Amino acid sequence: MALLPILHYPDPRLHTRATPIKTVDATIRKLAADMAETMYAAPGIGLAATQVNQHLRMVVIDVSDDKSELLTFINPELIEKSGECEGEEGCLSVPGIYETVKRASHIVVRALNVDGKEFVLAADDLLAVCIQHEMDHLDGKVFVEYLSRLKQTRIKAKLIKQSRETF
Ligand code: NI
């Protein structure tokens, strides 16, 4: 397995719309394993392929405390959403920024797993929010885009400054 470099906002590649995965083969399983390792190492609770510059529709998520509930969603589709919740979100592509976003509190998602088998999962609260956040990445959307223009401009400036200080 390998750790993958994570793109940081405002990298324009984060706005790429990912394409569906045609065949769940060894290459995809390797990418899924590398994404999980990268997510755990960060540490984070979710990672979309978009964030590691692989523009395929796949996300990994684990909202458990002990890294025991890894979920891989390939070609995920929301088939139901209801309710509303507001929570503070962060993102491995937007380091150090936490902002409140409104999301559906209950969703049902359909996807393929790493064996290429279809599954349907109902999720609430944190898991539901995390799935919606990661699925947004596949459509080229970063959570800060739900915020006001002013906030987005401030966050962009802060991250550009941070990256200059790091490199
Ligand atoms: Ni994110």
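# Exercises on a predicted model

Strand β3 (residues 71-82) and strand β6 (residues 106-112) are paired antiparallel through six bridges. Strands here are DSSP runs of E with at least two residues, helices are runs of H or I with at least four residues, and both are numbered from the N terminus. Two strands count as paired if DSSP finds at least two bridges between them. The model is predicted, so local features need pLDDT of at least 70 and side-chain atom pairs count only at pLDDT 80 or more, while totals for chains, interfaces and linings use all residues. Residues are numbered from 1 along each chain as its sequence is written, and side-chain values use heavy atoms, with hydrogens and water left out.

## Exercise 1: the strands around β6

Task: Find the bridge partner of K81 in β6, then describe how β6 and β7 pair.

Solution.
- Step 1. K81 has I107 as its bridge partner in β6.
- Step 2. Strand β7 (residues 118-124) pairs with β6 in the antiparallel sense, over seven bridges.
- Step 3. V109 is bridged to L121 in β7.
- Step 4. β6 and β7 make a hairpin with five residues between them, and G116 in the turn has a positive phi of about 80 degrees.

## Exercise 2: the largest pocket

Task: State how much space lies in the largest pocket and which residues lie nearest its centre.

Solution.
- Step 1. Apply the rule: on a 1 Å grid over the protein atoms alone, a pocket is an open set of points where a 1.4 Å probe fits, with protein on both sides within 12 Å along at least five of seven lines; lining residues have an atom within 4 Å of a point.
- Step 2. Grid points are joined across faces, edges and corners, and the volume is the space filled by probe spheres set on the points. The largest pocket holds about 380 Å³ of space.
- Step 3. The lining of the largest pocket has 23 residues, and I45, E89, G90, C91 and H133 lie nearest the centre.
- Step 4. At least two lining residues come from each of β4 (85-89) and α2 (125-138).
- Step 5. Sort the lining by class, with Ala, Val, Leu, Ile, Met, Phe, Trp, Tyr, Cys and Pro as nonpolar, Asp, Glu, Lys and Arg as charged, and the others, Gly among them, as polar. The lining has 12 nonpolar, seven polar and four charged residues.

## Exercise 3: salt bridges

Task: Count the salt bridges in the structure and locate the partners of the E89 and R103 pair.

Solution.
- Step 1. A salt bridge needs a side-chain nitrogen of Lys or Arg within 4 Å of a carboxyl oxygen of Asp or Glu. The structure holds nine.
- Step 2. E89 and R103 form one of them, at 2.9 Å from N to O. E89 lies in strand β4 and R103 in strand β5 (residues 99-103), so the pair ties together parts that are 14 residues apart in sequence.
- Step 3. Classify accessibility as buried (under 20% relative accessible area), exposed (over 50%) or partly exposed (in between), with a 1.4 Å probe and protein chains only. Both E89 and R103 are buried.
- Step 4. E99 and K151 meet at 3.1 Å, N to O. This pair links distant parts of the chain, with E99 in strand β5 and K151 in helix α3 (residues 149-166), 52 residues apart.
- Step 5. E99 is buried at 18% relative accessibility, whereas K151 is partly exposed at 36%.
- Step 6. R17, R57 and D139 are joined into one network by salt bridges that share partners.

## Exercise 4: cysteines

Task: Give the disulfide count and explain why C130 has no bond to C91.

Solution.
- Step 1. A disulfide is a pair of cysteine sulfur atoms within 2.5 Å. The count is zero.
- Step 2. The closest cysteine sulfur to that of C130 is in C91, 9.9 Å away, which is too far for a bond.
- Step 3. C91 is buried at 9% relative accessibility, and C130 is buried at 5%.

## Exercise 5: backbone exceptions

Task: Identify the cis peptide bonds before P10 and P43, and the phi values of N53 and N75.

Solution.
- Step 1. Recall that most residues other than glycine have a negative phi, and most peptide bonds are trans.
- Step 2. The bond from Y9 to P10 is cis, with omega near 5 degrees; P10 sits in the segment before α1 (26-41).
- Step 3. The bond from A42 to P43 is cis, with omega near -5 degrees; P43 is in the loop between α1 and β1.
- Step 4. N53 has a positive phi of about 65 degrees and belongs to the loop between β1 and β2.
- Step 5. N75 has a positive phi near 50 degrees and lies in strand β3.
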